Amino acid sequence: MSTSDYSFLRDKAHFEALLQGYIAWQSQLRAPKSQEGSRISIRCFRRWWLRQGEPCITHETLLVWMHHKIHRVKVKSMAMEVVALNQFMSFLMERGFLSANPLSDLRDGYRFRGYRGILQSLRQTDSVATVLAMADHPFSGLLGSAFLTYFDFHTALGKQYISRRYYLASFERFLRENNVSAWEQVDRAFVEEWLRIRKPASGY
């Protein structure tokens, strides 16, 4: 995305209107304290983004933002800020302002770590490049497109199969780890070996 795609974030009036709409949309933010906490977190990200020159919001940009704050606040507190921004980005995606939620996509690459794990890794390594290299994004292998087509088909039918997606993410990772490049290489023994050692991918 180019910076022009973020006009809703750049323009303060537009941003504030969207933020208010998000607060009204989130039923769990009915308590005034929760509403104010989310407002502060999301506004702080916007101010940081403007100071950085309005960069494209990539995984690296988001990790740089986390790294910028992780040594000044507790991991738990920063994780709450990340979750608030993630929910706001989901709201923006549902309304067509973002084509995808980059924060959710970022988390998907770290399996069991979740946001807290990502933040802890940033604090421990003090390196965005190192944490970025730890990512293992599901369905990124040579056979990944077949899984994505399968999900798109069921989504078109109104079915989500979220739990099934986690198991298939584990299987696709096993394919990559074993350098499988064609379905002809997959036999019963291969599947049974995956079933023996598998760990389902976490969604959190």
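This report walks through the helices of one chain, two of the places where they pack, and one pocket.

**The overall picture**

What you have here is a predicted model. The chain folds into 11 helices and zero strands, so to speak an α-α-α-α-α-α-α-α-α-α-α run when read from the N terminus. Along its principal axes, the C-alpha trace spans about 60 × 40 × 35 Å.

**Helix 4 and its two partners**

Let's start with helix 4, residues 59-70, which packs against helix 5, residues 75-94. Helix 4 also packs against helix 7, which covers residues 114-125. Here are the two pairings side by side.

| Pair | Angle | Axis distance |
|---|---|---|
| Helix 4 and helix 5 | about 150° | 10 Å |
| Helix 4 and helix 7 | about 65° | 10 Å |

Take the pairing with helix 5, at an angle of about 150°. Because of that angle, helix 4 counts as roughly antiparallel to helix 5. The crossing of helix 4 past helix 5 is right-handed. On the helix 4 side, the contact uses Leu62, Trp65, Met66, Lys69 and Ile70, and helix 5 answers with Val75, Met78, Glu81, Val82, Leu85 and Met89. Sorted by class, that contact of helix 4 with helix 5 has nine nonpolar residues, two charged and no polar ones.

Now for helix 7. Helix 4 passes helix 7 in a right-handed crossing too. Here Leu63, Met66, His67 and Ile70 of helix 4 meet Ile118, Leu119, Leu122 and Arg123 of helix 7. By class, the contact of helix 4 with helix 7 splits into six nonpolar, one polar and one charged residue. If you're clicking through the model, look at Met66 and Ile70 of helix 4: they are among the residues touching helix 5, and they also turn up in the contact with helix 7.

**The second largest pocket**

Next, some empty space. The second largest pocket holds about 330 Å³. Its lining is made of 15 residues, and those nearest the centre of the pocket are Ser38, Ser41, Met80, Glu81 and Ala84. Which helices supply at least two residues each of this lining? They are helix 3 (32-51), helix 5 and helix 7. Helix 5 gives the most, with eight residues. By class, the lining of the second largest pocket comes to five nonpolar, six polar and four charged residues.

Glu81 is worth a click as well: Glu81 of helix 5 takes part in the contact with helix 4, and Glu81 is also one of the residues nearest the centre of the second largest pocket.

Definitions and conventions: Residues numbered from 1 in each chain as written. Predicted model: local features only at pLDDT ≥ 70, side-chain atom pairs only at ≥ 80, totals over all residues. Heavy atoms only, no water. Axes fitted to C-alpha atoms, helices over the stretch in contact; angles between N-to-C directions. Helix = DSSP H or I, 4+ residues; strand = E, 2+ residues; numbered from the N terminus. Parallel < 35°, antiparallel > 145°, perpendicular 65-115°, else oblique. Left-handed = near helix turned anticlockwise from the far one by under 90°. Contact = heavy atoms within 4.5 Å. Nonpolar A, V, L, I, M, F, W, Y, C, P; charged D, E, K, R; others polar. 1 Å grid on protein atoms, 1.4 Å probe; cavity = no way out; pocket = protein on both sides within 12 Å on 5 of 7 lines; lining within 4 Å. Points joined across faces, edges and corners; volume = space filled by probe spheres on them.
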